Amino acid sequence: MFMRSVFIFNPETEIILGLDRDSYTPNRNVMHFRNRLALLPALYAGEGDIIAVDEENVDISSLPLYDIAKLKKLDIVKIKELGKWISASNDIRISPWGWNKEIVKRFQRAGIDSDLLPSSDQLNLLRNLAHRKVTADFFEIYGSGFPSISTPRALESLKDLEIFLERNRDFCLKAPWSSSGRGVIFSDSFDKRKISDWAANVIRTQGAVMAEQRYDVTLNFASEWETDKNGVRFKGLSFFDASKGGNYMGNILRPQTEIEHYIKRNTSFTDSIIEVQRKFIESRIQPHYSGLLGIDMFSTLDGTVNPCVEINMRRTMGHVAIEIEHQMNAPSNPSLAERLQTLFPDRLFSAISFI
């Protein structure tokens, strides 16, 4: 039976998980980013799928990737009209960039049957899994295999924060829920007072701030995964660029064999890291979550690999990069492959380039 997927790009998903609300008004920058890239799902959707867009996107044909959507014969539907297009059935799957209470409420208002959406309990479990403390859980279980990487810790009080700042000079602090390098601050970013104020606000609003040792990063990469009731599937590896402050800058498109060879040649990465990650996903995540996820990693100056910088409980740009690479090199649609190669002549994918 042919299954159609309904995609929507909601990059603010971690922000909403942190707020734990079913309503959210994005600021101007987030709104611009979301609306300009509303057709990003065209890069990974299958022929005949549906892309849902917000009502603000009036001139759909002017958006980046509109031509890709047409080449794939995708239907582009305003989210408020989705209920007219689909009904609860086995041949429809709802697939946002990431799940949270707000996007579920938007789908409900559009008339989507609850059977196609996660329940409140499932959303609460997802929120807990998306907390950066899960990275600490990884090291509590497997940290002995990576002695050069320290275990992140959660600072849950202003007193804990004060003691940490007194005892540590070279560190990284992270908000429990944030993405793409945002919500991250380094010890040399600001003076101690500003760092303390920022971290204190995170503790007040999100209940904790994650504290880690800082490392000199030479390579950023990730493993991409999919889970469901049938098990855990490794989708591939991805390279990505990040700014000095840790902000995501874009993915480099290369065949999987090249990516794997480069990482193994320049770092201490081995296949055993993937197996450790698989075991963690099977025990900690797969029983509670069906969907895509990615585990960010990095290497240090001496090639040491941090096998779990953070776990992204959603589709990632790494997943998108893998899909683009497949469509370029094993094209079922030559016109599509040609257009993708034109869009990405330097084989560098970055959402920023479309803004």
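**Packing, cavities and loops in a predicted model**

The buried residues of helix H7 pack against helix H6 (120-130), strand S8 (209-213), helix H11 and strand S13. This arrangement is a good place to start a tour of the structure, which is a predicted model. Helix H7 covers residues 133-142, and the buried residues along this helix are Val134, Thr135, Ala136, Phe138, Phe139 and Tyr142.

Thr135 gives a closer look at helix H7, the element in which this residue is found. With a relative accessible area of 3%, Thr135 is buried, because buried means under 20%. Setting aside neighbours within four places in sequence, the contacts of Thr135 are Pro152, Cys308, Val309, Glu310 and Ile311. Strand S13 spans residues 305-312, and two of the contacts of Thr135, Glu310 and Ile311, also appear in the lining of the largest cavity.

That leads to the empty spaces inside the model. Four cavities of 30 Å³ or more are present in the structure, and the largest of them holds about 60 Å³ of space. Its lining is made up of Glu14, Ala130, Arg132, Pro176, Trp177, Ser178, Glu310, Ile311, Asn312 and Met313. Strand S13 supplies the largest share of this lining, with three residues. Sorted by class, the lining of the largest cavity contains five nonpolar, two polar and three charged residues.

Next come the nonpolar cores. In soluble globular proteins, nonpolar side chains tend to be buried together. In this model, the largest nonpolar core has 56 residues, and Leu82, Ile94 and Phe107 are the ones with the most contacts inside this core. Helix H11 (residues 271-285) contributes the most to the largest core, giving six residues. Ile94 serves as an example of the packing: beyond residues up to four places away in sequence, Ile94 touches Val6, Ile86, Trp99, Phe107, Ile112, Leu116 and Leu117. Apart from the largest core lies another core, of 31 residues, with Tyr44, Val53, Ala69 and Ile324 among them.

Right beside Ile94 in the sequence is Ser95, which lies in strand S4 (residues 92-96). Ser95 has a relative accessible area of 14% and is therefore buried. The C-alpha atoms of Ser95 and Phe7 are 4.9 Å apart in space, although the two residues are 88 residues apart in sequence. Not counting residues up to four places away in sequence, Ser95 touches Val6, Phe7, Ile8 and Arg315. Val6 is thus a residue that Ser95 touches and that Ile94 touches as well.

A second pairing of residues that are separated in sequence involves Thr227, located in strand S9 (residues 217-228). The relative accessibility of Thr227 is 1%, so this residue counts as buried. Thr227 and Gly291 are 64 residues apart in sequence, while their C-alpha atoms are 5.3 Å apart in space. When neighbours within four places in sequence are left aside, Thr227 is in contact with Val232, Ile281, Gln286, Tyr289, Ser290, Gly291 and Leu293. Tyr289 also takes part through its backbone: the backbone oxygen of Tyr289 lies 2.6 Å from a polar atom of the Thr227 side chain.

Gln327 is another polar residue that is worth finding in the structure, in helix H12 (residues 317-329). Its relative accessible area is 16%, so Gln327 is buried. Apart from residues up to four places away in sequence, Gln327 touches Leu43, Tyr44, Lys72, Leu336, Ala337 and Leu340. One of these, Tyr44, belongs to the core of 31 residues.

Finally, two loop residues stand out for their backbone angles. Asp20 is not a glycine, yet has a positive phi of about 55°. Asp20 sits in the loop between helix H1 (13-19) and helix H2 (28-36), and is partly exposed, with a relative accessible area of 32%. Lys73 is not a glycine either, and has a positive phi of about 60°. The loop that holds Lys73 runs between helix H3 (66-71) and strand S3 (75-78). At 57% relative accessibility, Lys73 counts as exposed, because exposed means over 50%.

Terms used. Residues numbered from 1 in each chain as written. Predicted model: local features only at pLDDT ≥ 70, side-chain atom pairs only at ≥ 80, totals over all residues. Heavy atoms only, no water. 1 Å grid on protein atoms, 1.4 Å probe; cavity = no way out; pocket = protein on both sides within 12 Å on 5 of 7 lines; lining within 4 Å. Points joined across faces, edges and corners; volume = space filled by probe spheres on them. Helix = DSSP H or I, 4+ residues; strand = E, 2+ residues; numbered from the N terminus. Core = buried A, V, L, I, M, F, W, Y, C linked by side-chain atoms within 4.5 Å. Buried < 20%, exposed > 50% of the residue type's maximum accessible area, 1.4 Å probe, protein only. Contact = heavy atoms within 4.5 Å. Polar contact = N/O pair within 3.5 Å; in protein donor to acceptor, adjacent residues only side chain to side chain.
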